[in-house]
Amino acid sequence: MTKFASRVLALAIVSTALVGAPVISAYAAGSDTPSSPPATDSSKHKKKGDKSSSIDDPKFLAAYRTAYTTIYDQHDYSSAIAQLQALARDDVADVENLIGYSYRKLGNYELSKAHYQQALADDPNHVRTWQYFGLWQLEQGNREQAEYHLNKIGELAGTDSKEYRSLQAALETPPGTGLVY
């Protein structure tokens, strides 16, 4: 099956799910509403037809929220990855971050890392990606890098932010406890 056919099939599945299911908001982590990509003078991130306005598009938001619910309520990471990839928005840090998170939960650390890096390339100040990538670092045994991520979150959102407190709590957990964050 070609890449295009796979995307069309995934989009058809998501569309069918949207028609028959209500949108459920979940606030387990982060936000169920993606943030707009940062303003840039460069056109390198612009896609064919300039989809930058799709962040405000109700269809995009509904599909994003469905994927968000699939992750945090249903814990169906494989389906969520397909839903998020069907959005074809690798220029939106929230989308890439959730794909990275899903791959991390599935144990595919290399793909997870690649999507976290893409999210930070899209938005270097994306606090949730710094948090989730910091948790990734901890799972890999990279405590120093996790502390770097914690400090970056402190700079961006402050030490009272939920992202900072979450990563800080994970760092305070003794190494080797086998916890998955």
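## Two tyrosines one turn apart

Helix α2 carries both Y68 and Y72, which sit 4 residues apart, about one turn of the helix. An α-helix has 3.6 residues a turn, so residues three or four places apart point the same way. Keep in mind as you look around that this is a predicted model.

A search of the whole structure turns up 8 aromatic pairs. One of them joins Y68 and Y72 in a tilted arrangement, with 4.6 Å from centre to centre and 50° between the planes. Y68 has a relative accessibility of 1%, so Y68 counts as buried. Y72 is buried too, because its relative accessibility is 9% and the cut-off is under 20%.

## Another tilted pair, and a ring cluster

Y116 and F133 form an aromatic pair that is also described as tilted: the centres are 5.3 Å apart and the planes differ by 35°. Y116 belongs to helix α5 (residues 109-122) and F133 to helix α6 (residues 127-139), so this pair ties together parts that are 17 residues apart in sequence. Both Y116 and F133 are buried.

Which residues do ring pairs link into a cluster? They are Y68, Y72, Y77, Y101 and Y132. Y77 is in α3, where it is one of the buried residues.

## Helix α2 as a whole

How much of α2 is covered? Most of the helix is: 12 of its 15 residues are buried. Among them are the aromatic residues F60, Y64, Y68 and Y72, along with A62, A63, A67, L61 and I71. Three threonines, T66, T69 and T70, are on the buried list as well.

The length of α2 makes a handy check on its geometry. At 1.5 Å a residue, its 15 residues should span 21 Å, and the end C-alpha atoms are 21 Å apart, so the two values agree.

## Loops with positive phi

Most residues other than glycine have a negative phi. H75 is not a glycine, yet its phi is positive, about 55°. H75 is found in the loop between α2 (58-72) and α3 (77-86). Is H75 buried, partly exposed or exposed? With a relative accessible area of 48%, H75 is partly exposed, because the exposed class begins over 50%.

On the other side of α3 there is A88, which follows that helix and has a positive phi of about 50° although it is not a glycine. A88 lies in the loop between α3 and α4 (93-105). The relative accessible area of A88 is 21%, so A88 is partly exposed; buried would mean under 20%. Within α3 itself, the buried residues are Y77, A80, I81, Q83, L84 and A86.

## A buried glutamate

E163 lies in helix α8 (residues 162-172). This residue is buried but has no salt bridge. What is the nearest side chain of opposite charge to E163? It is R128, 4.7 Å away, while a salt bridge needs the atoms within 4 Å.

Leaving aside residues up to four places away in sequence, E163 touches V127, R128, Q131 and I153. R128 is thus both a contact of E163 and its nearest opposite charge.

## The whole chain

The protein chain has 8 helices and 0 strands, following the pattern α-α-α-α-α-α-α-α along the sequence. Of its 181 residues, 41% count as buried.

Among contacts between residues at least 6 apart in sequence, 60% join residues at least 24 apart. The accessible surface comes to about 9,700 Å², and carbon and sulfur atoms make up 52% of it.

Technical notes: Residues numbered from 1 in each chain as written. Predicted model: local features only at pLDDT ≥ 70, side-chain atom pairs only at ≥ 80, totals over all residues. Heavy atoms only, no water. Buried < 20%, exposed > 50% of the residue type's maximum accessible area, 1.4 Å probe, protein only. Lys, Arg positive; Asp, Glu negative; His and termini not counted. Contact = heavy atoms within 4.5 Å. Areas by Shrake-Rupley, 256 points an atom, 1.4 Å probe, with all protein chains shown as cover. Expected span 1.5 Å × (residues − 1). Phe/Tyr/Trp six-rings, centres within 6.5 Å; stacked < 30°, edge-to-face > 60°.
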